[in-house]
Amino acid sequence: HHFNKKVCTMTRRFATSSNAAAVSRSIRQLSAIFVVIVFTVAAVAIIIFPSEAAAFTTTSSSSCHRFVSSNCISLTASSAAASNNNELTAAINKAKHQINQAISTTDKGRSTNLSPSQRSRITSQLSHLESLCPPKFEPARSPLMDGPWIVLYTDAPPPSNGQLGPLKGVAKQVIDLKKGTYKNELYVGGSGVDQDQNAWVSAVLEATWKEWDGVYLDANDDDSSNIDSDNDSTIDHGATTWRVDFVSLTLSIFQVPIFTQTFQEGTARTWKMTYLDDDTRIVRAGKTGRGEDDWIF
């Protein structure tokens, strides 16, 4: 609305000018600037979602998931183990508090002042929290996955970390378990608690998901080495990991869709849900399913 008002005001000013050449030149410059902005953002948006940013491991904000209790705890709690349960609750709360403190000054992991040692320490803290979620818990099948999530930290590089050149956005994910779909959403210049309202630039990736079978996404049918080494009858990969398949990407300027890309069939990534409770999720997302190409969200 504000953009359209500004354009109309400038147009009226040009129209009343007595210098016709200046009018024409100014309009051409304005049009050129707008076209450059649109196509630059579109080009970057096309890059962002087919890359490692296929999965958004997130912690929720105040307008998304709200903390109630730790699902990892509740699934394993019993009256006879109340003391152990309290200890686990305290350990999880302490770990999450330490992580929140550590990432509070990292600009969601994008800060140029973040040293390798700081990054390594945060990764260790995240690994510790992952270890506190019981192995029998099945996060990929949990109803807690459903709904909106906001990325608070990632070790992924641009643009997978929500940064478009000099522009820094907010990465959001909305999962619909009943439909088997999700949306990866990126907002730049937004407002509200999650900074996702009235954004001047937004990109939305629509996709589907299904349980991963343990076969690497770049696997060759004739090469058994392209199957996860843990892929045997005793491992239930689908309990923790999704295969996500991209459907389309839509870019909008001032909430007006201007570009949509449809992905080729088979464009996919893996999400390994390594920790999940009511307000916190850790996802290791990659191109193939191999641990070496995972990024932490």
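Modeller: Two strands count as paired if DSSP finds at least two bridges between them, and in this predicted model aspartate 176 stands opposite threonine 181 in strand 5.

Colleague: How do you know that strand 4 and strand 5 pair, and in which sense do they run?

Modeller: The requirement is at least two bridges, and strand 4, residues 170–176, is joined to strand 5 by 7 bridges; the two strands therefore meet the definition of a pair, and they run antiparallel. They form a hairpin with 4 residues between them, and glycine 180 in that turn has a positive phi of about 70°.

Colleague: What makes strand 5 and strand 6 a pair?

Modeller: Set against the same cut-off of at least two bridges, strand 5 and strand 6, residues 201–211, share 8 bridges in the antiparallel sense, so they too qualify as paired. Within this pairing, asparagine 184 has leucine 205 of strand 6 as its bridge partner.

Colleague: Why is strand 5 described as mostly covered?

Modeller: A residue is buried when its relative accessible area is under 20%, and in strand 5, residues 181–188, 6 of the 8 residues are buried.

Colleague: What makes the contact of glutamate 211 with arginine 141 a salt bridge?

Modeller: The definition asks for a side-chain nitrogen of Lys or Arg within 4 Å of a carboxyl oxygen of Asp or Glu; here the closest N and O atoms are 2.7 Å apart, so the contact qualifies. Glutamate 211 lies in strand 6 and arginine 141 in the loop between helix 5 and strand 1, so the pair ties together parts that are 70 residues apart in sequence.

Colleague: Why is arginine 141 called partly exposed?

Modeller: Partly exposed covers values between the 20% limit for buried and the 50% limit for exposed, and arginine 141 has a relative accessible area of 33%, so the term fits. Glutamate 211, at 38%, is partly exposed as well.

Colleague: Which residues are linked with Arg141 in a network of salt bridges?

Modeller: The network links Glu138, Arg141, Glu211 and Asp236. For aspartate 236 and arginine 141 the closest N and O atoms are 2.7 Å apart, and these two residues are 95 residues apart along the chain.

Colleague: How do you know whether lysine 272 is buried or exposed?

Modeller: With a relative accessible area of 17%, lysine 272 falls under the 20% cut-off, so it is called buried. Lysine 272 forms a salt bridge with aspartate 294, the closest N and O atoms being 3.5 Å apart, and aspartate 294 is likewise buried, at 16%.

Key:
Residues are numbered from 1 along each chain as its sequence is written. This is a predicted model: local features need pLDDT of at least 70, side-chain atom pairs count only at pLDDT 80 or more; totals for chains, interfaces and linings use all residues. Side-chain values use heavy atoms; hydrogens and water are left out. Buried means under 20% relative accessible area, exposed over 50%, partly exposed in between (1.4 Å probe, protein chains only).
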